[in-house]
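Subject: Handing over a structure, with notes on what was found

Dear colleague,

I am passing this structure on to you, since you have not worked with it before. Please look through it first, and then read the notes that follow.

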Amino acid sequence: MSGALRGIARKVCPRCRQGAIFRASLWRGYLAMYEKCPVCGLKYEREPGYFLGAMYFSYLLSIPPGLVIVLLLWRWTGWPFDKVMLGAFFCYLPLVPVVTRWARVIWMYVDRYFDPDPIT
């Protein structure tokens, strides 16, 4: 496993790969992030609206489980498609905090890869 993939899996700083990104566990602090890396001082949110880019990764991460939920509900229940979609929406809601965190971490790593900017 490459260093970046290991860093993403551990949810640590994309520069030093040691400092934690989030202050607390998912259940105690959904998006409680450090402003800067506690180890190297990298500012996590580079600019206002920085995590808007994480929405694209959130979408990509949401498609596979959402599709599985839709297909399973459709197969198991025999409901009409509109009810299946509504049911899948409610089934997917508990996954939103998890996906949001992963999307932010992946976004930070991808952004740092293409624009390392050693000053920040």
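Which residues does Phe 57 touch, not counting residues up to four places away in sequence? Before the reply, please keep in mind that this is a predicted model. Phe 57, which is found in helix α2, touches Ala 103, Ile 106, Trp 107 and Val 110 when residues up to four places away in sequence are not counted. By contrast with these contacts, the C-alpha atoms of Phe 57 and Gly 29 are separated by 21 Å, the two residues being 28 residues apart along the chain.

Helix α4 covers residues 96-114, and because its 19 residues at 1.5 Å a residue should span 27 Å, the 27 Å between its end C-alpha atoms agrees with what is expected. Buried residues in α4 include Val 99, Ala 103, Val 105, Ile 106, Trp 107 and Met 108, and among them are also Arg 101, Arg 104, Asp 111 and Arg 112. The buried residues of this helix pack against α1 (3-10), α2 and α3.

In soluble globular proteins, nonpolar side chains tend to be buried together. Here the largest nonpolar core has 19 residues, of which Ile 21, Met 33, Tyr 44, Phe 51, Val 105, Trp 107 and Met 108 touch the most other members. The elements that give two or more residues to this core are α2 and α4, and the largest share, six residues, comes from α4. Phe 51, taken on its own, touches Met 33, Tyr 44, Glu 45, Arg 104, Trp 107 and Met 108, again not counting residues up to four places away in sequence. There is also a second, separate core of seven residues, which includes Ile 69, Leu 73, Val 84 and Val 99.

Turning to the surface, you will find a nonpolar patch formed by Leu 67, Leu 71, Trp 74, Phe 81 and Met 85, which together have about 500 Å² of accessible area. The elements that give two or more residues to the patch are α2 (54-77) and α3 (81-92), with the largest share, three residues, coming from α2. Trp 74 lies in helix α2, and because its relative accessibility is 42%, Trp 74 counts as partly exposed.

With kind regards

Conventions
Residues are numbered from 1 along each chain as its sequence is written. This is a predicted model: local features need pLDDT of at least 70, side-chain atom pairs count only at pLDDT 80 or more; totals for chains, interfaces and linings use all residues. Side-chain values use heavy atoms; hydrogens and water are left out. Patches are made of residues with over 30% relative accessible area and no salt bridge: like charges are joined within 9 Å, nonpolar side chains (Val, Leu, Ile, Met, Phe, Trp, Tyr) within 5 Å. Accessible areas come from the Shrake-Rupley method with a 1.4 Å probe; for residues, only the protein chains shown count as cover. A salt bridge is a side-chain nitrogen of Lys or Arg within 4 Å of a carboxyl oxygen of Asp or Glu. Helices (H or I, at least four residues) and strands (E, at least two) are DSSP runs, numbered from the N terminus. Buried means under 20% relative accessible area, exposed over 50%, partly exposed in between (1.4 Å probe, protein chains only). The expected span of a helix is 1.5 Å times one less than its number of residues. Contact means heavy atoms within 4.5 Å. A nonpolar core is a set of buried Ala, Val, Leu, Ile, Met, Phe, Trp, Tyr and Cys residues joined through side-chain atoms within 4.5 Å.
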